[in-house]
Structures are given as C-alpha cells and as structure tokens.
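Okay everyone, thanks for coming. Let me put the structure up, and then we'll walk through a few spots together.

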Amino acid sequence: MIETKQEVTIKFAGDSGDGMQLTGNLFTDNTALTGSDLATFPDFPAEIRAPAGTLAGVSGFQIHFGSKKIFTPGDQYDVLVAMNAAALKANLNNLKDRGTVIVNEEGFDSKNLRLAKYEDGENPIENDSLSDYELFKIPVTKLTKECLKDSGLGTKEQDRSKNMFVLGFILWRYSRSLDSVTTYLQKKFAKKPTLIDANLKVLKAGYHYGDTTETFTTSYEIKSAPLEKGTYRNITGGQALVYGLITASQKSGLPLFYGSYPITPASDVLHLLAAQKHFGVKTFQAEDEIAAVCAAIGASYGGNLGITGTSGPGLALKGEAMGLAMILELPLVILNIQRGGPSTGMPTKTEQADLLMAMYGRNGESPLPIIAAQSPADAFMTAYEACKIAIQHMTPVILLSDGYIANGAEPWKFPNAADIEKITVNFAAAKKANENGAQNGEAFLPYKRDENLVRKWAIPGTPGLGHRIGGLEKEYDTGNVSYDPDNHELMTKTRAEKIAKIANFLPEQKIDIGNEKGKILVLGWGSTFGVINAVVNTLIEEGHEVSSTHLRYLNPFPKNLEQLLNQFDKIIIPEINTGQLATLIKAQFLKEVVQFNKVRGLPISKIDLYQFIKEQL
Amino acid sequence: MTTTIANLKAKDFATDQDVRWCPGCGDYSILKQVQSVMAELGLNKDEVAVISGIGCSSRFPYYMETYGMHSIHGRAPAVVSGLKLANPDLNIWMITGDGDGLSIGGNHMLHILRRNFNVNMLLFNNQIYGLTKGQYSPTSEVHKNTKSTPMGSIDYPVNPLSFAMGANASFIARSMDRDPKHLKEMLKRSQAHQGTALLEIYQNCNIFNDGAFFAFTDKATKSDTALFLQQGEPLVFGAENDKGVLLDGYKPTIVSLKDAQFSKDDLWMHDEQDMFKAQILTRFFDEPNADDPQYFPRPFGVIYQTNRATYEAQHKDQIEQAVTQKGSGDLNALIRGGSVWEIG
Ligand code: SF4
C-alpha cells in the first residue's frame, strides 16, 4: 500500500564513522529529483574524533521535504534512523509524538549501550520505553555482512557499507528509484568495480528488505511541490556563497583573491575556492586571521577582488585591518560565517550574534556596509552583491552568514550565467609621460571623489599614478597625511556619507508575505528567514493579520524601511541573539519593537515562534 | 615585465613631502641610499611599491615617489604577500623595524621568510621603540633602562638573523646606516636576489638609543668588532687584518695571523651558499667587546643566499596547471553543477 503524505522530516543519526552525512546527501539528491521542495541540515559532532559509540561522536543529517513549500529543515522529525544506541539517545527528544524509529539492532549490543550511558541491563529497543513510537528493528549489520560474505571485502569494508542498506530501505519506504544513487556509486568507484558491485548489492538488499518483509506494510509517496517553473539543482549555503563570489569575479573581470585562516565553520569556503583554481581563483591560507585580511587588502590594492572569510573570533581579530581597508577606501569583502559565541563559544553551533560587532567593532568612526544571506541558495546573490558594492563603492563590505546557512541545503532555481549583470570597475586611467619624462596635466589625486563620494582605484604598476596611501588620516583629495582638525571632521563625515549613499543603489524593502499594513510585522534578518516564513504563513492561513519582511541590507538600511515599519502597530523581531537588530532599529528609528530572542546555538523553532507571535496578537 | 630607465637621479625617487624623522636619525641615510640605488639600477617607479608597517622607519613610503602603503603595525608582510600574488611583476620593497617586524609582526616575518615571496625586506634595527618614545624593543640588550623598564629590562634579545635562518629564509644580509657604500652594495644584492631578501640594517636612533651600534662604526673599535664578509674570501678582521676565524670542525675560533702559526689559507672561507656555515655566522652575536681576544666579530654582508622557487611563481603555476587540466572555468557549468531537474 502506498500512502501519500504532504511533508516528512527524517533524521539520519549514527556514529561519525557510520556515513550518515553521505546517506543524507544521497537521499537529498534523490528527493530533489522527485520535485519535492526540501531543506536539510547536517549536525556534526563538536569533537573530530570522539570515541566511536559515544554520545559525543553522534553525527546527524536532517531533511524536511514535501509537496508544499518547505522553509526549514524542521523542528521535529517524523522518522528517526538510529544506527546505534548513542544516536537514539542523542536524538530521541526531537522525535514527534508517535513518530517512527528505525534502528540498527547491532548498534544496541552491551558495548554500545554502555558507551551511550544507558543504565546496566537497560536496552531501549527491548524494554517498552519506545512504546509510544512506531519502532522498527532491523539487523542492518548482520544483513549487510550476509549480503557481502562472498564479495571478498574485509570485515571493515563490509561494515562500512551498512549505510547503503539503510539508504536502500528508506528509498523503498518513500517509493523512490535507485537511479541517482547507482549513478553516484558508479562514478565514485569507477576505478574499483568491486566496490560498486558490493555497495549496489547492499543498497538493493535494503530496498528489497522493505518490499519483502511483512513488517512493513506501507510505503509513502510525497508529490512534487508547486515550485516556480524552471531548472533546479540542490545547493548548500557554502557552495552558493562560493559560486556567488566567483560569479562576481568573472562579471567584474577581477581575479578573485581569497585570504583565510582555518576556522569552523568558515573553512569550507577556503576548501571550495581552492578547488576552483581554473577560474583564476587565488587562495592563500595565511598564518593567522590578521594576515588573511591583510593579504586580501594587499591583493585589493594590487587590483584583485580581495576577499577574506572567517567566523566570529576571527572577525574580532580582523578589526584593525578592516579599519585600514576602510580608511584606504579599497574594495574588500569580509565573510563572517557566524557561530555561537562569545570567545571560542560553540564553534559547530549557529548564532547571529555578530551583527553589532560588524556594525561597530572597529576603532574610530568606521562605518561599513553589511549584507546578510537568508538561506543557503540566497547566499549566491548575497555574495555577488557584496562584491558589487565593495567594487563600486570602494569600501570593505561585511557579509554575514552562519553555520546554519552554510551547512544547510535547498533546491535552487539557478540563474543563467549570461543573465547576471556585469560589474563595472572604475580604475584610474594611466597618465602618459611626455618626452622629458615629466607627467602631463595635473597631479594625480588618489582621494578625489565622484558624485557618490567614491574615489578611483589606482593600481600599482599603472604608469603615472604613483601615490602613497596609509592608515593615517588623509587630506581631502590629495590623500596626503593630515592632522588638520577641520579636514579630519570633513573626512569622517565624507566616509560616513559615502556608505549612507549606498542606500540609493539598493532596492526598496518589500513585504515578503501578508498585507502592506496591519497589526503585526515580523522583521528578520539572516537565517531566521525560513522559520519566519513558515510561521507567518501558518498564521495567515489561520486568518491572522500578520506580515513579514526580511532584511538583506543591514547597513545602510533600505531607504523606505522606516516608512514600511510605520504601517504596522507592532514590530516583532526574532533573532538568535539577545536583540541586536532590535537595538539598531530602536536606535535609528526611535521605534518600539517586540523582541523574540533565543540563544541556544540552534535555529529558532517554529513552534516557539508561533506561540510567541500568537500571544502578541 | 619590469623595465629599466636610463639617467635617473636619486631625487626622482623623492616625494614633495617633508621628511619628518628627527634630525640626525639614521633613517635619512637609508632613505638616501635606497633612492640612489633605485636610480642607479634604473628602476621604473611605476613598477615599484614600498610597503611598511608602523614605526619611525615605516614612514618611509611617504618619502618615496613610487607606489606605497603605510599599513598597520606588524602586518606589512601579509599586505606584501597579497599584493605580490595579485601582481607578481611589481618590485616590492618592504620596510619594517625591530618592534614592527620582530615583536608585533614576528609571526608574519616568520611566514613571509619561509614562503619566499620575491621582495626586498629592509629591517631597520635600532634596538628601541622610537615612535612611542623610547621603550625597549625585542632586540634591546638585556638590562636596558627605559621608561618602561626603570630597573632594567629582563627580556633576552632576539637574534634576528638566526631567527631568519630558522624560518628558512633564502637571503640574509646585514649592513648599517653609517656605511653608505656597504649599504648600497647590500641593497643591490637584495634587489638581485629572487626570493625574500632580508637585509637587517643597524640604524642609529640618536634620540632614544644613541650609539647602540657605535662599536661597529667607531674608528677606534670598528676593525675589531665588525667582520665584513666577501664571497670566497677568508674571515679576516682586526686593525691590521691580523685576526681570523678558523673553523675547527663546526667550532669557530679566533686566531691571530701575527705569528706564522696560521695563514689566511687556514681560515674559514666565506661561502654564502653554505647553510651550516651561515647558521654559525648568525650566532656571532655577542655584545661588542674589542678587548676580548675570543670575541666573535659581528658579521656584515651577505651571510646566506640560496635559490629556491618563489611563492608567487609556484602559486601561478598551480593556477596554470588547473587551467590546463580542467580548461578555463565555465561559469554556467559551475552554477549548474552535476544533477538538475525541471519543474513545470
Ligand atoms: S625617534 Fe629615533 S628612530 Fe625615530 S625618527 Fe627619531 S631618531 Fe629616528
């Protein structure tokens, strides 16, 4: 019997060595091909090599898919796949009431139970502690080994294939084809045909297990979602960000230079860019965060698109150099993939608590544009725009993302490269020397500005433009060192006005869902986009007068923001911090706002936000 | 590619800005020698970039009629690294000091040396913090009385050139502000070297640390305290060239050439290419004491030089290799990725 469902959330959980990320990713690709909408989120252990079988070693992958628009990877799951006792223990609390648990029986032997810190003699899959759930026990390890006994593979290799059994089973359960996984295995093990055969055999065994075992009477089907017409791919926030940067590089004709120092969760940007050298991408793993940003500044001075990336603690270290780039008025993009803070905080957990540091975390008056991605796919345009603003306004730009966006994935209706606008670059033109070797015309003024207060980019090596720049205050136009009080005030105001004028180039803020005026406006930024949309949609369906809007541009704000906010009786700002956007809105518009703040290292849950807004109605 | 220009004068490399070092500061001499060496070598000022950190010496770029950046404290090596990767053809001169390069920027110094970008790095060592008005620096001798160490400093000084050897630098040399001829020669050697050329320049800060290096420049002591290295020549010093350095295995000893026991042929012959000998030479680092018969004189000249691929060349090679292997990046293919599906 095949039952149709609207949406399902599955959590794959196992030991770090159990291959749950791969299982999740392969299931995601397979799901995408069915046309369902989806959102995923991997949940890595904080320790790299936590002992096998322990709670600290549990690795998970969550996917939420459905035949309607999917905004988040889901608060709670319908199905929990647990490869061992620790995986069950670590994840059971987010399983829905009457949800389904699928376990690998061999993962619940006495050793695994002890490592997962179950009481002596207690086995959750044998006693009736799971009686409120639908429990399926499958001897995955045994069946996998059985399947591979003649394969010639060693015990370890056999054991490693057990995730394919689980994947096969889940694919059966959701009425899928095995094609995408088969293609993957054939490509991945092209040079090791025995491994293709072995993995396919186990995959199919898992699939047929569902079909032939009488325990499983029902499989499910989720129809395609009413997504906009077009061609889609699945993309993670990390990939989208990197592709956006490369697109900006190609569209501006500026070689991309990326200086970075390894830091969770930003290292993937470095890895992904290092793999794209054939786009002329220059990556530089610097000796520390400060060197990373300074190298990017050097590269920008040399006419490249200088980019540096980090996470919170690294942004703190880069502060002085960002101030330098700001006063030099050179393009620079600073990526901050935020994580739980303060200090080292919670590196693998998500938070959006660096907004005020991005806004104010430098000495002196040093305003910088700030732009934030709101979902994995959205990171593409956010990255492209950050580069565009940096290049066209000769300023460092801070791009805020977070661990949740970077590691999450969703379907993306990707653009055609040719349709993406070119980025024009305003280089200062060379000056020719006359026969006597002297320069023609007037002296070059490195800090002369256009109507948007933007100076020209003069690249070392250009004939006749020799000039000196530095971190000392500059004289208006000439850029010579100046301690003149009036000049300092003029320069301070000019630099601030230059950033403020960027608002003239930004699109107006629009209401995402709901009416243009009314009782409640939910205002968000960054990775809360999904949850806000999901909740506001539900509330509107229930007949409530709620709207939402999400900010991409956090400094300067879109010009119409104040007016837009004024159309509502109440502004609710949900954030994964203690109220940072709220602080900015209150300060800038002298406006009352209602804050909804969570700092648990986790995305805001739908149910929490839903209840909060309901109480405010 | 770099071009050369004939008939340049030192003043072609001077800006219209007033030079603001204290009168009598050793920096003036260094500025002058750099400008005249650039003119003599016919460098095209459009292709020269002078990059500095923070400190008295780091004001240097403002006085050079080239491209230049006065960056932030200690970080010039990082700025230089990015600039060189962006534009490998630029002729980059990095200016730093003992505080900038060995204290706040010690980390970056280590890494630029091992990476071997093709740049000239002038380390103005005056063994004091000048710009902040006279605190002891990482190269100050121990027991130094300064405003921040009224009872004398207790930090043991760093040996910059030994440090550089440890960082696998490909070119190490030492000179001083008061010997323009030698300084110019060393500047030219630095410029000729393909790789990071570290030239330590002893520079007198006549305001806060006057005479720190007089033992090496003063006529009365100089010949006994300083050892001028020449490739292939024996290590000889002393007022009448009467002292030499002998290598007994790897143990250096000072010998007298006065009696017939040792001749110049017995002495250590200088070989810039010999890393082990260079390590020993950088260890000639005692407080100058002309009266001590076993005092090892401070070496000046090129201590070590080796040829090894520059960072920027290898970096460029990898990009070219990637293009050969995968073809120039196709943006559409990148955005589209592996598997796609249609809706509608
Ligand atoms: S303080 Fe010393 S180093 Fe600085 S400019 Fe004056 S004399 Fe030169």
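So, which residue stands opposite His70(B) in S2(B)? That would be Gly470(A). Before I go on, please keep in mind that this is a predicted model.

Let's stay with that spot. Gly470(A) is part of strand S17 of chain A, residues 468-470, and this strand is joined to S2(B) by 3 bridges, with the two strands running parallel. Arg468(A) sits in S17 too, and Arg468(A) also makes a salt bridge with Glu65(B), where the closest N and O atoms are 3.5 Å apart. Across the whole interface of the two chains, 2 salt bridges turn up, along with 28 residue pairs in polar contact.

And which parts of chain B do the touching? The elements that put two or more residues on that side are strand S2 (67-70), helices H2 (76-86), H4 (106-115), H10 (311-326) and H11 (331-336), and strand S12 (340-343). If you sort that side of chain B by class, you get 24 nonpolar, 22 polar and 9 charged residues.

Now for the size of the thing. People often describe an interface by the accessible area lost when the parts come together. Here, chain B and chain A bury about 5,200 Å² between them, and 63% of that is on carbon and sulfur atoms. On the chain B side, Tyr67(B), Ile335(B) and Trp341(B) lose the most area to chain A, together 17% of what that side buries. In residue counts, chain B brings 55 to the contact and chain A brings 72.

Next, the ligand. Around the ligand you'll find Trp21(B), Asn126(B), Gln203(B) and Phe208(B), among others, and the cysteines there include Cys22(B), Cys25(B), Cys56(B) and Cys205(B). How many charged residues are in that shell? There are no charged ones: the split is 7 nonpolar and 4 polar.

Last stop, some backbone oddities. Most residues other than glycine have a negative phi, and most peptide bonds are trans. Asn116(B) has a positive phi, near 70 degrees, and it's in the loop between H4 and strand S4 (120-125) of chain B. Over in chain A, the bond from Thr264(A) to Pro265(A) is cis, with omega near -5 degrees; Pro265(A) is in the loop between strand S10 and helix H10 of chain A. The bond from Gly341(A) to Pro342(A) is cis as well, with omega near 0 degrees, and Pro342(A) lies in the loop between strand S13 and helix H13 of chain A.

That's my tour, thanks!

Definitions and conventions
Residues are numbered from 1 along each chain as its sequence is written. Chains are lettered from A and ligands numbered from 1 in the order in which they are written. This is a predicted model: local features need pLDDT of at least 70, side-chain atom pairs count only at pLDDT 80 or more; totals for chains, interfaces and linings use all residues. Side-chain values use heavy atoms; hydrogens and water are left out. Contact means heavy atoms within 4.5 Å. Buried area is the accessible area (1.4 Å probe) that two parts lose on being put together, summed over both. A salt bridge is a side-chain nitrogen of Lys or Arg within 4 Å of a carboxyl oxygen of Asp or Glu. A polar contact is a pair of N or O atoms within 3.5 Å; within protein, one must be able to donate a hydrogen and the other to accept it, and residues adjacent in sequence count only if both atoms are side-chain atoms. Helices (H or I, at least four residues) and strands (E, at least two) are DSSP runs, numbered from the N terminus. Ala, Val, Leu, Ile, Met, Phe, Trp, Tyr, Cys and Pro count as nonpolar, Asp, Glu, Lys and Arg as charged, and the others, Gly among them, as polar. Two strands pair if DSSP finds at least two bridges between them. A residue is near a molecule or strand if one of its heavy atoms lies within 4 Å of it.
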